[in-house]
Amino acid sequence: MTTVSADPLLDGELRARLARLDTAALSDAMDSLRAAPCVLPGIAARTPGGVAFGPAFTVRYRPIEDDGAFHNAANYIDDVPPGSVVVADNGGTGACTNWGSLLTSVALRRGIAGSVVHGAVRDVRETREAGYPLFSTAVTMVSAKNRAVLESTGADLDIEGTVVRPGDLVFADDNGALRIPADLVAEVVRRAEAVERTERRIKEAAADGTRLDEARARYGYARPWEDKGDDDA
């Protein structure tokens, strides 16, 4: 599994705890808080086994309206802080790409944690070989030159109903990608760890021959973030 370091502004302990989690446990923890939607719909891993987490650096594109002049690729990558996750929104289109091998090479050199593209990417083989965590809604070989242009960085993004704000924690793995508001990160991590402990106990009980329904009832599967042990069951 490829894991890139998270936000250097997260304290070391919290960063280490996040590195042991996954999107499934974090999603369950967010559910327990009845928080606003956290999943970034349609995002799939392009680097299998890759994991990225860190504060969102948001990028918004818009379609080219003036086709009479040449429009180059968007230039923002040199301003992305190390440890960030680039979240780029091109409306989810697969018509043209918003990430390729040049961006991957610079991102790796700068210590960027990964990229989540609500749109298309290309040069997937090179990115996989480099071990850079890349996630997107689509893949295409078609360049964004003269098709899409950078509209803004550092703005809120609405990814099909999930709002990503600059500095929100973004976490992505083989299951997809989600965002956690910055002020909820510590509590979500605590609950996600409880979810994982609960599921581990259930799995161990089932492996020892306990019926799955009984193991789920014993360890509080309906509310796994409460971390019920045998004494509390």
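The lining of the largest pocket in this predicted model is a mix of residue classes: 11 nonpolar, seven polar and four charged. The pocket itself has a volume of about 480 Å³. Of the 22 residues around it, A73, A74, G100, L102 and L103 are the closest to its centre. Among the structural elements, helix α3, which spans residues 101-110, gives the most to this lining, with four residues.

We can now turn from the pocket to the interior. In soluble globular proteins, nonpolar side chains tend to be buried together. Here, the largest nonpolar core has 21 residues. Those with the most contacts inside this core are V59, Y76, I77, V80, V86, W99 and I112. Strands β3 (50-63), β4 (85-89) and β5 (114-121), together with helix α3, each supply at least two of the core residues. W99 is a helpful residue to look for in the structure: leaving aside residues up to four places away in sequence, its contacts include Y76, I77 and V86, as well as A107, V117 and L134. Polar and charged partners of W99 include T104, S115 and R122. Another core, of 20 residues, lies apart from the largest one, and its members include L18, F53, V188 and W225.

Helix α1 (residues 12-19) has L14, R17 and L18 as its buried residues. Seen down the axis of α1, these buried residues fall within an arc of 100°, so they line one face of the helix. An α-helix has 3.6 residues a turn, so residues three or four places apart point the same way. The cover over the buried residues of α1 includes β3, β10 (169-173) and α5 (185-207).

Technical notes:
Residues are numbered from 1 along each chain as its sequence is written. This is a predicted model: local features need pLDDT of at least 70, side-chain atom pairs count only at pLDDT 80 or more; totals for chains, interfaces and linings use all residues. Side-chain values use heavy atoms; hydrogens and water are left out. On a 1 Å grid over the protein atoms alone, a cavity is a set of points where a 1.4 Å probe fits but cannot get out, and a pocket is an open set with protein on both sides within 12 Å along at least five of seven lines; lining residues have an atom within 4 Å of a point. Grid points are joined across faces, edges and corners, and a volume is the space filled by probe spheres set on the points. A nonpolar core is a set of buried Ala, Val, Leu, Ile, Met, Phe, Trp, Tyr and Cys residues joined through side-chain atoms within 4.5 Å. Buried means under 20% relative accessible area, exposed over 50%, partly exposed in between (1.4 Å probe, protein chains only). Contact means heavy atoms within 4.5 Å. The arc is that of the directions from the helix axis to the C-beta atoms.
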